[in-house]
Amino acid sequence: MSNPSILILPGDGIGPEVMAEVRKVIDWFGANTDAKFDVSEDLVGGAAYDAHGTPLHDDTMAKAQSVDAVLLGAVGGPKYDVLDFSVKPERGLLRLRKEMDLYANLRPAQCFDALADFSSLKRDVVAGLDIMIVRELTSGIYFGEPRGIMDDNEGGRVGINTQRYTTDEIRRVARSAFELARRRGNKVCSMEKANVMESGILWREEVQWVHDNEYPDVELSHMYADAGAMQLCRWPKQFDVIVTDNLFGDLLSDAAAMLTGSLGMLPSASLGQPMENGRPKALYEPVHGSAPDIAGQGKANPIACILSFAMALRYSFDMGDKADLVERAVEKVLADGLRTADLLGEEGVAPVSTSEMGDAVIAAIATLSDA
Ligand code: NAD
Ligand code: IPM
Ligand code: MN
């Protein structure tokens, strides 16, 4: 049988820097274990625009559709701010999500004990935190029609985006959330704004329907998303799985990042329907962006991207034991006191570079796998 295939799209800014560290992890598994992958690499975002005049070439899209998993670094940057909206780097990522139909975006926020003092919140509030935000990723206001900027016929202009959700779109992401909850703390909190949005009313009713008809054993609660944002900062440990729409999920997951100490810590998995081989269509990427302010300086934290690969091991390749190994290695390097610059704050601790952090994770993987 051939090895499982991975397409790597490093992208822009710190994307290629953090992806280089993931590459080391993949190579380590290839050399030392039975987890061997066929890896290919291609362009996305600004890098693809520079080469082809489009943020995602059709050939790259076709490759993404045919591999077992895609790993993506980050896209975007100030250099591309002047581009027409239709060819901005972010459009490449959105096309991948939409055409691969990656409707369930899993964004876990876990606070490693060694980092409990790095959160902007008190240690008590975040220590031991382990929540999962499930963000709907292929619909809602990101994709709804009509959209655009047009004349308002009164001498001004109007910018339009449309929030739109169908029964099926809500039910399928709700099922993903309930399935995950059964394997975790068995609780789902659904967030919308049913008090002001019709799409929110439908969201609440359909999530409740899936619960009552298919997952009555899972505890379900509903919360307005604004109150949810507040509760996420007040007492995040009340949550297990949060399921929410595309835009609210984007905002809530960046907020959740600060519970873990840094945006450089948060991985994600974007999953779609099962392919012929039974694996879900999947793309793995850190929650953070291309961080133009630190790009090219070797300062980026590669952990979010490395943990995204761990999610690939778990959700695409059925290698949960190897995913655990990567996660325990990350925990070990943090417990040993290694910090990239985003995690500084302790006196007398000098930051390590992106590649030093990657090397330390590899060393920890090797140590722990021998133990
Ligand atoms: P960002 O996530 O790139 O950066 C926000 C802040 O977090 C910056 O101060 C940055 O230095 C820091 N940061 C982010 N990742 C880090 C890491 N791994 N290590 C250390 N520090 C890190 O968000 P932004 O500045 O709002 O956006 C920059 C560009 O990235 C924009 O073009 C945006 O559209 C794009 N973006 C892309 C993605 C993606 O590719 N998935 C996600 C978010 C933003
Ligand atoms: C994210 C990013 C993206 C989003 C952008 C870059 C398209 O912020 O993945 O969280 O808004 O979904
Ligand atoms: Mn975001």
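## Close-up views of a predicted model

**View 1. The surroundings of ligand 2 in the predicted model.** Helix α4 (residues 89-99) provides three residues of the shell around ligand 2, the largest share of that shell. The residues around this ligand are Gly76, Glu90, Leu93, Leu94, Asp250, Val287 and Gly289. By character, the shell around ligand 2 consists of three nonpolar, two polar and two charged residues.

**View 2. The surroundings of ligand 1.** Ligand 1 is surrounded by 22 residues, of which Gly76, Gly264, His288, Gly289 and Asn301 are the closest. The shell around ligand 1 is made up of eleven nonpolar, seven polar and four charged residues.

**View 3. Helix α4 and the elements that it packs against.** The buried residues of α4 are Pro89, Gly92, Leu93, Leu96 and Arg97. Viewed down the axis of α4, these buried residues fall within an arc of 130°, and they therefore line one face of the helix. The partners against which the buried residues of α4 pack are the helices α2 (46-52) and α3 (58-66), together with the strands β3 (69-74), β11 (269-274) and β12 (280-284). Leu93, one of the buried residues of α4, is also among the residues around ligand 2. After α4 comes aspartate 101, which has a positive phi, near 55°.

**View 4. The two domains and the contact between them.** The domain assignment of the protein gives domain 1, made of residues 1-106 + 263-371, and domain 2, made of residues 129-246. The centres of domain 1 and domain 2, taken over C-alpha atoms, are separated by 26 Å. Where the two meet, ten residues of domain 1 are in contact with twelve residues of domain 2. On the side of domain 1 that touches domain 2, the elements giving two or more residues are α4 and β4 (104-110). The residues on that side of domain 1 divide into five nonpolar, two polar and three charged.

**View 5. Helix α6, with buried residues on one side and exposed residues on the other.** The 16 residues of α6 should span 22 Å at 1.5 Å a residue, and the end C-alpha atoms of this helix are 22 Å apart, which agrees. Its buried residues are Glu169, Ile170, Val173, Ala174, Ala177, Phe178, Leu180 and Ala181. These cover an arc of only 160° around the axis, which puts them on the same side of α6. Thr167 and Asp168, by contrast, are exposed on the other side of α6. The buried residues of α6 pack against the strands β4, β5, β8 and β10 and against helix α7.

**View 6. Helix α7 and what covers it.** For the 17 residues of helix α7 (residues 198-214), a rise of 1.5 Å a residue leads to an expected span of 24 Å, and the end C-alpha atoms are 24 Å apart, in agreement with that expectation. The buried residues of α7 are Ser199, Gly200, Trp203, Arg204, Glu206, Val207 and Val210. What covers them includes helix α6 (167-182) and the strands β8 (187-192), β9 (219-224) and β10 (241-244).

**View 7. Methionine 197 in the loop between β8 and α7.** Methionine 197 has 15 other C-beta atoms within 10 Å and is partly exposed. Although methionine 197 and glutamine 163 are 34 residues apart along the chain, their C-alpha atoms are separated by 9.0 Å.

**View 8. Glycine 128 in the loop between α5 (123-126) and β5 (130-136).** Glycine 128 is exposed, with 12 other C-beta atoms within 10 Å. Glycine 128 and glutamine 110 are 18 residues apart in sequence, while the distance between them in space, C-alpha to C-alpha, is 7.4 Å.

**View 9. Backbone details at proline 146, asparagine 186 and aspartate 318.** Glutamate 145 and proline 146 are joined by a cis peptide bond, with omega at about 0°, and proline 146 is found in strand β6 (residues 144-151). Asparagine 186, in the loop between α6 and β8, has a phi near 65°, a positive value in a residue other than glycine. With 14 other C-beta atoms within 10 Å, asparagine 186 is partly exposed. Aspartate 318 lies in the loop between α10 (303-315) and α11 (320-335), and its phi is likewise positive, near 55°. Aspartate 318 counts as partly exposed, with 13 C-beta neighbours inside 10 Å.

Key: Residues numbered from 1 in each chain as written. Chains lettered and ligands numbered in written order. Predicted model: local features only at pLDDT ≥ 70, side-chain atom pairs only at ≥ 80, totals over all residues. Near = placed C-beta within 6 Å. Nonpolar A, V, L, I, M, F, W, Y, C, P; charged D, E, K, R; others polar. Helix = DSSP H or I, 4+ residues; strand = E, 2+ residues; numbered from the N terminus. Expected span 1.5 Å × (residues − 1). Buried ≥ 20, exposed ≤ 12 C-beta atoms within 10 Å, placed from the backbone. Contact = placed C-beta atoms within 7 Å. Domains from an automatic or database assignment. Arc of directions from axis to C-beta.
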